[in-house]
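Colleague: I am new to this structure and would like a close look at a single part of it. Could you take me through that part slowly, and then show me what else is worth following from there?

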Amino acid sequence: MQPQVRRFAKERMVDALGCAAVDSFFYLTLDNTQQRDDLLPAPNASIEAVHAAAREFNPVSVTMRVRDDSLGSDEDDAHAQLSKAAACYALVEASELAARKRYDWVVRTRPDLAWVAAVPPVKSLYEDRVYVSQHSWPVGDAFFVAPGKLAREVFRAVDALGQDSHCDASQVEKIGHLAAESALHRHLASRKIPTQLYDGFAFVAA
């Protein structure tokens, strides 16, 4: 959420997509004090400052949760990242329902990614596959681009955990710190959703 990171995100990711219109949705979960301090745009800044930074992207909605004892067990699971992606996508679906429209493309990203080069415009992408980054193995879950018709299946990957013999929580927990990436990969493969590793997604964690 640092100013230069926000500028790179707008110029090299949002604008570079080349969409006629872009709606953004923020769903942020701060798991602990250190993570909260890392996300805040300046030392001793308030959570309101995070909302202000998010508003630079003219978001449809901004949801922020600071972890406490009232949160469910999903926050403790190895696949917490998929749970958060699903929660954010629920905001997208609510917007689609209210506007009676479906987005052509849905992009999953994080506010702590610093873009070092522009992403390719969506007009250069095929609408029959999900584009994933090569920053994690076997696929990266920090950033991916999904055509609207496949978005729900991708973002709701967490629903398959514990329900699908090809992708269950007991197997995911054995994988360790790459649980979210492996769970997403297994889910997409079991649903026969084509994916393409794309080296044009050039970012580093800020």
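Modeller: What follows is a walk along one helix, with a look at a sheet afterwards. Please keep in mind that this is a predicted model. The part I would choose is helix 3, which runs over residues 47-55 and in which Val50, His51, Ala53 and Ala54 are buried. These residues lie on the same side of helix 3, because they cover an arc of only 160 degrees around the axis. The general background is that an α-helix has 3.6 residues a turn, so residues three or four places apart point the same way. Within helix 3 we can stop at histidine 51, which counts as buried because its relative accessibility is 18% and buried means under 20%. If its neighbours within four places in sequence are left aside, histidine 51 is in contact with Val62 and Met64.

Turning from the helix to the strands, you will find an open sheet that four strands form in the order 3-6-5-7, with mixed pairing. Its edge strands are strand 3 (105-108) and strand 7 (195-197), each of which pairs on one side only. On average, and with direction ignored, neighbouring strands of this sheet are turned by 15 degrees against each other. To follow one pairing in detail, take strand 5, residues 130-132, which pairs with strand 7 in the parallel sense over three bridges; here valine 132 stands opposite leucine 197, a residue of strand 7.

Methods:
Residues are numbered from 1 along each chain as its sequence is written. This is a predicted model: local features need pLDDT of at least 70, side-chain atom pairs count only at pLDDT 80 or more; totals for chains, interfaces and linings use all residues. Side-chain values use heavy atoms; hydrogens and water are left out. Buried means under 20% relative accessible area, exposed over 50%, partly exposed in between (1.4 Å probe, protein chains only). Helices (H or I, at least four residues) and strands (E, at least two) are DSSP runs, numbered from the N terminus. The arc is that of the directions from the helix axis to the C-beta atoms. Contact means heavy atoms within 4.5 Å. Two strands pair if DSSP finds at least two bridges between them. Axes are lines fitted to C-alpha atoms, for helices over the stretch in contact, and angles run from 0 to 180 degrees between N-to-C directions.
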